[in-house]
Amino acid sequence: MKTAKDYLAEANEVITRMPTADAIKAHGSDDGGIWIDVRDSGDIAKTGTIKGAKRVPRGFMEFAADPASPYHKDFLKPDGKYYLVCGAGGQAALAGKTLKEMGYTDVTNVGGVPDWKEAGGPTEEA
């Protein structure tokens, strides 16, 4: 049987994890990247999120990323640049692996919102 640890290890092999300090610098740049919080709305409401981050729950990612889906989000395009965040980095890695499997080429895991906040990254309330 495959475990959650196995899935996470596979995701971490294909998705780059950016150190928080580097992610904060990237957020302040004009590289065209889109920031996405993959947590559910309840978690985002409790802690806030990265300033300007879109919200696409991990469990909805396949539908939001598929242009043929009636639930497709227009800001998701396979040739775009994406920075994913969650609570600690696990959900972002798993969502990033999903995007890669769907043909998205530039996906980065920036870890968790608590680390972001602790490092002084810009945030906003839900």
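Start by selecting K97, which lies in helix α5. Helices here are DSSP runs of H or I with at least four residues, strands are runs of E with at least two, and both are numbered from the N terminus. Before you click further, know that this is a predicted model: local features need pLDDT of at least 70, side-chain atom pairs count only at pLDDT 80 or more, and totals for chains, interfaces and linings use all residues. Residues are numbered from 1 along each chain as its sequence is written, and side-chain values use heavy atoms, with hydrogens and water left out.

**Stop 1: around K97**

Is K97 buried or exposed? K97 is buried, because its relative accessible area is 18%; the cut-offs are under 20% for buried, over 50% for exposed and partly exposed in between, with a 1.4 Å probe and protein chains only. Now show what K97 touches: leaving aside neighbours within four places in sequence, that gives E10, A11, V14 and I15. Contact means heavy atoms within 4.5 Å. For a distance label, try D66: its C-alpha is 14 Å from that of K97, with the two positions 31 residues apart in sequence.

**Stop 2: the largest pocket**

Keep K97 on and add K2, Y7, E10, R58, G59, M61, E62, L94, A95, T98 and E101; together with K97 they line the largest pocket. Colour by element and you'll find that α1 (4-14), α4 and α5 (90-101) each give two or more residues to this lining. The largest share, five residues, comes from α5. Colour by class instead and the lining splits into four nonpolar, two polar and six charged residues. In that scheme Ala, Val, Leu, Ile, Met, Phe, Trp, Tyr, Cys and Pro are nonpolar, Asp, Glu, Lys and Arg are charged, and the others, Gly among them, are polar.

How much space lies in the largest pocket? About 150 Å³. The search runs on a 1 Å grid over the protein atoms alone, and a pocket is an open set of points with protein on both sides within 12 Å along at least five of seven lines; lining residues have an atom within 4 Å of a point. Points are joined across faces, edges and corners, and the volume is the space filled by probe spheres set on them.

While K2 and Y7 are on screen, look at them as a pair: K2 lies over the face of Y7, 4.5 Å from the ring centre. A charge sits over a ring if NZ of Lys or CZ of Arg is within 6 Å of the ring centre and within 35 degrees of the ring normal. For another case, select K54, whose charged end is over the ring of F75 at 5.1 Å from its centre.

A quick side trip along α1 takes you to A4, which lies in that helix. A4 counts as exposed, at 62% relative accessibility. Its C-alpha is 10.0 Å from that of G90, and the two are 86 residues apart in sequence.

**Stop 3: the rings**

The structure holds six aromatic pairs. Phe, Tyr and Trp rings (the six-membered one for Trp) pair if their centres lie within 6.5 Å; planes under 30 degrees apart are stacked, over 60 edge-to-face, and the rest tilted. Pick F60 and F63: this pair is tilted, 5.9 Å centre to centre with 40 degrees between the planes. Both are partly exposed, F60 at 27% relative accessibility and F63 at 43%.

Swap F63 for Y71. The F60 and Y71 centres are 5.9 Å apart and the planes are at 65 degrees, so this pair is edge-to-face. F60 is in the loop between β4 (54-55) and α4 (61-65) and Y71 in the loop between α4 and β5 (81-86), so the pair ties together parts 11 residues apart in sequence. Then bring up W35, Y83 and W116, which form one aromatic cluster.

**Stop 4: two threonines and an alanine**

From Y83, move to T108 in strand β6 (residues 106-112). T108 is buried at 10% relative accessible area, and beyond its neighbours within four places in sequence its contacts are I15, T16, M18, Y82, Y83 and L84.

From W116, go to T20 in helix α2 (residues 20-28). T20 is buried too, at 18%, and with the same neighbours left out it touches D115, W116 and A119.

Finish on A119, in the loop between α6 (113-118) and β7 (123-124). A119 is partly exposed at 47% relative accessibility. Its C-alpha and that of T20 are separated by 7.2 Å, although 99 residues apart along the chain.

Technical notes. 1 Å grid on protein atoms, 1.4 Å probe; cavity = no way out; pocket = protein on both sides within 12 Å on 5 of 7 lines; lining within 4 Å.
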